[in-house]
Amino acid sequence: MTYNSPIPQLGLGTFGRTGEAGIEALLTAIEVGYRHIDTAQSYDTESSVGAAIRRSGLPRGDFFVTTKVADTNLDRASFMPSVEKSLETLGIDRVDLLLIHWPSQHDFVPFEDYMLALAEAKAKGFTKHIGVSNFPIADLERTRALLGDDAIATDQVEIHPYMQTPKLRDYARSRRLTLTAYQPLVKGKVHDDPVLAAIGKAHGVSAAAAALAFLMGEGHVVIPASSSKANLEANFAALGVRLTDAEMDQVRALNRGDRRINPAKSPRWDD
Ligand SMILES: NC(=O)c1ccc[n+]([C@@H]2O[C@H](COP(=O)([O-])OP(=O)(O)OC[C@H]3O[C@@H](n4cnc5c(N)ncnc54)[C@H](OP(=O)(O)O)[C@@H]3O)[C@@H](O)[C@H]2O)c1
């Protein structure tokens, strides 16, 4: 599948990489080659991301930075100040991608309010691209009706070999919308999978890299997290791996709808 999106296909998750240890992990990742970094207002990693970018000595333009507006900041009064605070914490003038982290449960905050605020953040130059996270098809359809066909660059959702979201995947393909796979390694659990290990071995990479290569082969962006240089390198190696059609089918068969992230505020999922 041809990859056609402004988002670099392999990025770095930052959940849990806080403080000085987080900055060190980020600097190691930058040294390995990661340039696309995923943070969020709720992770407490925006300051680590900003510090790592500055300490790397590389120009800001080399990086693709994503942050997400927390569900507690969706109301009109909080939205834009929260985005300005994110930019201040990151120490940059604008992010590359700004996402709505979760839709407002039961439309507690009216959908139009925060989606129009998201579009306004782009118009103000606070972000280059906009997108959403944890949006089911119904909310993607509402987004399309409100903002138009190609307004958003991605929907960031839980996707990994055990949770492949076929309904959402097929919908996204029909709309040419890129999905970003979060928790793509099932918190490292894919490492023990015999099918992925065998495929990885055939390509001279780890089971985790085989999982990432599969997800990228499906056309998704992947944002695995790690603090270990060896794992960061192993995951980055996925960029050079292309699975055969037969291998893609083998990994597709691992899907069992195993959703890991399902808090009470979750929308009605499609898969
Ligand atoms: N939008 C959302 O609602 C949402 C929700 C969840 C996550 N996310 C984003 O997605 C990112 C990734 O998800 P995640 O961090 O939850 O999980 P993940 O990327 O699936 O797994 C990360 C864990 O796997 C381990 N790991 C990494 N590479 C490995 C390898 N090659 N072999 C074995 N273990 C390995 C890491 O430990 P080591 O440090 O020891 O390597 C780390 O503990 C997050 O950091 C966050 O940016 C977004």
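**Core packing around Phe79 and the setting of strand 3**

In this predicted model, Phe79 touches Val69, Asn73, Leu74, Ile100, Tyr114, Ala117 and Leu118, when residues up to four places away in sequence are not counted. Apart from the largest nonpolar core, there is a second, separate core of six residues, which includes Phe64, Leu97, Leu99 and Val221. The largest nonpolar core comprises 74 residues, and within it Phe79 and Tyr114 are the residues that touch the most other members. Helix 8 (residues 207-217) supplies the largest share of this core, namely 10 residues, and at least three residues are drawn from each of domain 1 (12-158) and domain 2 (187-259).

Strand 3 (residues 64-69) is mostly covered, with six of its six residues buried. Phe64, Thr66 and Lys68 point one way from this strand, whereas Val65, Thr67 and Val69 point the other way, and all are buried.

The pairing of strand 3 involves strands 2 and 4. Strand 2 (residues 36-38) pairs with strand 3 in the parallel sense over three bridges, and His36 stands opposite Phe64 of strand 3. Between these two strands the chain passes through helix 2 (residues 46-56), in a β-α-β crossover that is right-handed. Strand 4 (residues 95-100) likewise pairs with strand 3 in the parallel sense, over four bridges, and Leu97 in strand 4 is the bridge partner of Thr66. A right-handed β-α-β unit is made by strand 3, helix 3 (residues 76-90) and strand 4.

Technical notes:
Residues are numbered from 1 along each chain as its sequence is written. This is a predicted model: local features need pLDDT of at least 70, side-chain atom pairs count only at pLDDT 80 or more; totals for chains, interfaces and linings use all residues. Side-chain values use heavy atoms; hydrogens and water are left out. A nonpolar core is a set of buried Ala, Val, Leu, Ile, Met, Phe, Trp, Tyr and Cys residues joined through side-chain atoms within 4.5 Å. Buried means under 20% relative accessible area, exposed over 50%, partly exposed in between (1.4 Å probe, protein chains only). Domain bounds come from an automatic or database domain assignment. Contact means heavy atoms within 4.5 Å. Two strands pair if DSSP finds at least two bridges between them. A crossover is right-handed if, with the strands pointing away from the viewer, the path from the first strand over the helix to the second runs clockwise.
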